[in-house]
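Let's take a walk through this model, starting at its ligand and working outward.

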Amino acid sequence: MISIQRLEEIIKKFNSVRIAVIGDMMLDEYLIGKVNRISPEAPVPIVNIEEERFVLGGASNVANNLTSLKGKVFVYGVIGNDANGEKFIKELEDKNVNPAGIVKDETRPTIIKSRVLSQGQQLLRLDWEKDADISQDIQNQLLENFEKNIENIDAVLISDYNKGLLTKHLSERIIEIAKKHNKKVMVDPKPQNFKNYVGATSMTPNRKEILDYFGMKKFTSEEEIAEKMAQLKDDLKLDSVVLTRSEEGVSLFRAKHKRIPTVAREVYDVTGAGDTFISTFLLSICAGADLYEAGVIANMASGIVVAKIGTATATQDEIIEFYKDNDNILKNI
Ligand SMILES: Nc1ncnc2c1ncn2[C@@H]1O[C@H](COP(=O)(O)OP(=O)(O)OP(=O)(O)O)[C@@H](O)[C@H]1O
Ligand SMILES: [Mg+2]
């Protein structure tokens, strides 16, 4: 059990934590309008757009979560040399994220997922995306940006959406540079790339990701979960493994298995819960929390966002409110 005083002490320190986020940057676009007629050109509805909204996605959703909790954020990733890239940078700046580490790659588009909606219905989604590995030259530019700013950050968060940014070389060099400067590295991995993250500090796979890594279909007991977490920790030489388990909460493994059940009461939309989890977890660790305290706080923050519609974020005040509303449940975990 964390006391309210301890929770406030940790959360207040988020304001002075500086995080480097490296990963696949994306932009989500929502075009919302009314349909009044069918096109004379083809049998499709004409949507008269009334509202256009952008939301940071992928690794930049992690950045958004971090700044929503008042952390300072520097991002490293690629965009295309296109108008969507300019919109993406503007969104970062609006959210107080430092975009200086972003590199323009002439050979690919800015990743954008654009939805057309009318009367609450999604009519169409348009994706601009090329997920080939980034070139050696782009990797070098990213590494240079990352290394020259390393003394201004406290920890590194790698957010892997498997869109070609986190090549083996880039991931290994990032971990190497971070370790040389004594910075923690927390990874949200994709199973195909687990092996790229040898020597990171910690990892937050979800259930499917850890099962895929071991080529398994499901876990049959808590003992088996503990065993696989221990094996992953040894395989990749991590200090700890943090398994997010959706409605089952979270499992921590350093020397032994510790399970923290979920405290979410209402679940409307689980999109982005993993991003909220890793952001809050790393901020808590950097603010002096131990593994268990960080797990409890991140679990609360995720519990807050699953009760909101769409890709959402949590704030410091919301976490404190949530604690006060649920202290009878929290007492027992
Ligand atoms: N259905 C749910 N009920 C309660 N809590 C949930 C639920 N889904 C997610 N959470 C909370 O969010 C955390 C992270 O969720 P999950 O394990 O689904 O991550 P994920 O699969 O990586 O999510 P994402 O969709 O963001 O990639 C969980 O540890 C839990 O605290
Ligand atoms: Mg995830």
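In the side chain of Asn206, an N or O atom lies 2.8 Å from an oxygen of ligand 1, a polar contact in the sense of an N or O pair within 3.5 Å. Asn299 does much the job of a second partner, with a side-chain N or O atom 2.6 Å from a ligand oxygen. On the nitrogen side, Thr262 has a side-chain N or O atom 3.2 Å from a nitrogen of ligand 1. The protein covers 84% of the 620 Å² that ligand 1 exposes on its own (Shrake-Rupley areas, 1.4 Å probe).

Keep in mind that this is a predicted model, with local features needing pLDDT of at least 70, side-chain atom pairs needing 80 or more, and totals for chains, interfaces and linings using all residues. Residues count from 1 along each chain as written, chains are lettered from A and ligands numbered from 1 in written order, and side-chain values use heavy atoms, without hydrogens or water.

Step back a little and there are 17 residues around ligand 1, with Thr244, Ser246 and Gly274 among the nearest (a heavy atom within 4 Å counts as near). That shell splits into 5 nonpolar, 9 polar and 3 charged residues, with Gly counted as polar. Helices H8 (273–286) and H9 (291–305) each supply at least two of them, and H8 gives the largest share, 3 residues (helices are DSSP H or I runs of at least four residues, numbered from the N terminus).

Note on methods: A polar contact is a pair of N or O atoms within 3.5 Å; within protein, one must be able to donate a hydrogen and the other to accept it, and residues adjacent in sequence count only if both atoms are side-chain atoms. Helices (H or I, at least four residues) and strands (E, at least two) are DSSP runs, numbered from the N terminus.
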